[in-house]
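Trainee: Could you take one spot in this model and go through it closely with me? After that, I'd like to hear how the rest of the chain fits around it.

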Amino acid sequence: MKDAFGTPQSLLILGGTSEIALATARRLVARRTRTVWLAGRPSPALEAAAEQLRDLGADARTVAFDALDSESHEEALGKVFTEGDIDMVLLAFGVLGDQERDEDEPLSAVRVAQTNYTGAVSSGLVCANALKRQGHGSLVVLSSVAGERARRANFIYGSSKAGLDAFAQGLGDALHGTGVHVMVVRPGFVRSKMTAGMKEAPLATTPEAVAEAIEAGLRRRSETVWVPGALRVVMSALRHVPRPVFRKLPV
């Protein structure tokens with residue numbers, strides 16, 4: 001259960017090498033989180049991430065998890081919940097893809113969609129059902145402002161995030177009253193390894209800033225968190241721009 005300060009004592013991260021997720025884990029461990037599960041493909045990076053959290057005082061463990069292998073999700077994630085209650089699940093995996101390549105190679109585009117959406121639907125429902133059986137817990141889903149409106153520059157990635165966002169919102173409504181809280185996080189451009197070398201967008205942010213916003217959202221039991229907050233106003237305006245005009249905007 002969460003402690004007196006509202007901090008989850010146990011955390012499960014789907015996408016255990018995500019920079020945003022690990023920044024969130026470090027922040028929560030500093031607050032009182034004691035057990036952290038990192039779910040991801042076995043790799044030196046996953047083990048190194050767990051070791052870093054152990055150095056901070058957490059009981060950090062790893063579990064083999066592949067977003068693309070939906071048939072394995074029930075068993076792989078079920079093992080985590082059999083070890084004890086999980087107070088917070090952070091769904092943080094995803095791929096950006098390569099828009100130009102993905103348009104020319106449909107199977108590459110499908111991989112983006114399967115990772116960001118299908119894999120999230122499968123693992124998200126497995127975790128949501130486990131949290132529901134517990135009767136408590138938070139499911140935090142990393143979405144993106146890219147899902148708010150498809151852009152020519154990244155509509156494949158954006159469409160997958162749009163699907164994820166809609167799924168998470170609907171799941172939150174389905175779980176209302178069960179004791180399970182679902183929070184959708186919509187960051188803008190995040191300076192990270194995933195975006196290295198890309199032209200930085202306005203209102204760019206960092207993994208640490210997203211982590212801070214996640215922690216604040218948990219305390220408030222928010223349903224939607226924008227990072228930075230100004231993006232909420234920006235995207236609200238962009239949603240209503242006529243398509244002929246939108247196509248010409250440098251967004």
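Mentor: Let's start with G40, and keep in mind that this is a predicted model. Leaving aside residues up to four places away in sequence, G40 touches L46, V63, A64 and F65. G40 itself sits in strand 2, which covers residues 35–40. Is G40 buried or exposed? G40 has a relative accessible area of 9%, and the cut-off for buried is under 20%, so G40 counts as buried. Now look for G15: G15 and G40 are 25 residues apart in sequence, yet their C-alpha atoms are 5.2 Å apart in space.

For a contrast, try A201 in the loop between strand 6 and helix 7 (207–220). A201 is partly exposed, at 31% relative accessibility. A201 and I214 are 13 residues apart in sequence, and going from C-alpha to C-alpha you cover 21 Å.

Back to the partners of G40. One of them, L46, falls in the stretch of helix 2, which runs over residues 44–55. Further along that helix you'll find a salt bridge between R54 and E51, with the closest N and O atoms 2.9 Å apart. Why are these two about one helical turn from each other? Because R54 and E51 are three residues apart in helix 2. R54 is partly exposed at 33% relative accessibility, and E51 is partly exposed too, with a relative accessible area of 38%.

Two more partners of G40, V63 and A64, belong to the range of strand 3, residues 59–64. That strand also holds R61, which makes a salt bridge with E83, and here the closest N and O atoms are 3.8 Å apart. R61 and E83 are 22 residues apart, so the pair links distant parts of the chain: E83 is in the loop between helix 3 and strand 4 (88–91). R61 comes out as partly exposed at 27% relative accessibility, whereas E83 is exposed, with a relative accessible area of 54%.

That loop takes us to helix 3 itself. How do helix 3 and helix 5 cross? Helix 3 (residues 73–82) and helix 5 (residues 106–134) have axes that come within 10 Å and cross at roughly 35°, and the crossing is right-handed. From helix 3, the contact is made by H73, E74, L77 and F81. Helix 5 brings G119, S122, S123, V126, C127, A130, L131 and Q134. Sort the contact residues by class and you get six nonpolar, five polar and one charged.

Now over to another salt bridge, this one between R186 and D165, where the closest N and O atoms are 2.8 Å apart. R186 is in strand 6 (residues 180–187) and D165 in helix 6 (residues 155–174), so the pair ties together parts that are 21 residues apart in sequence. Both R186 and D165 are buried. Elsewhere, salt bridges that share partners join R27, R31, E215 and R219 into one network. Over the whole structure, a search turns up 14 salt bridges.

Stay with R186 a moment longer, since E148 touches it. What else does E148 touch? W226, M235 and R239 are the other contacts, again not counting residues up to four places away in sequence. E148 is in the loop between strand 5 (137–142) and helix 6. With a relative accessible area of 18%, E148 is buried, because the cut-off is under 20%.

Finally, zoom out to the overall fold. The protein has nine helices and seven strands. Its C-alpha atoms fill a box of roughly 55 × 35 × 35 Å along the principal axes. For 251 residues, a compact globule would have a radius of gyration near 18 Å, and the protein's 18 Å agrees with that. Buried residues make up 50% of the 251. As for contacts between residues at least 6 apart in sequence, 71% of them join residues at least 24 apart. The G40 and G15 pair you began with is 25 residues apart in sequence.

Key:
Residues are numbered from 1 along each chain as its sequence is written. This is a predicted model: local features need pLDDT of at least 70, side-chain atom pairs count only at pLDDT 80 or more; totals for chains, interfaces and linings use all residues. Side-chain values use heavy atoms; hydrogens and water are left out. Axes are lines fitted to C-alpha atoms, for helices over the stretch in contact, and angles run from 0 to 180 degrees between N-to-C directions. Helices (H or I, at least four residues) and strands (E, at least two) are DSSP runs, numbered from the N terminus. A crossing is left-handed if the near helix is turned anticlockwise from the far one by less than a right angle, and right-handed if clockwise. Contact means heavy atoms within 4.5 Å. Ala, Val, Leu, Ile, Met, Phe, Trp, Tyr, Cys and Pro count as nonpolar, Asp, Glu, Lys and Arg as charged, and the others, Gly among them, as polar. A salt bridge is a side-chain nitrogen of Lys or Arg within 4 Å of a carboxyl oxygen of Asp or Glu. Buried means under 20% relative accessible area, exposed over 50%, partly exposed in between (1.4 Å probe, protein chains only). The radius of gyration is taken over C-alpha atoms; the globule rule is 2.2 Å times the number of residues to the power 0.38.
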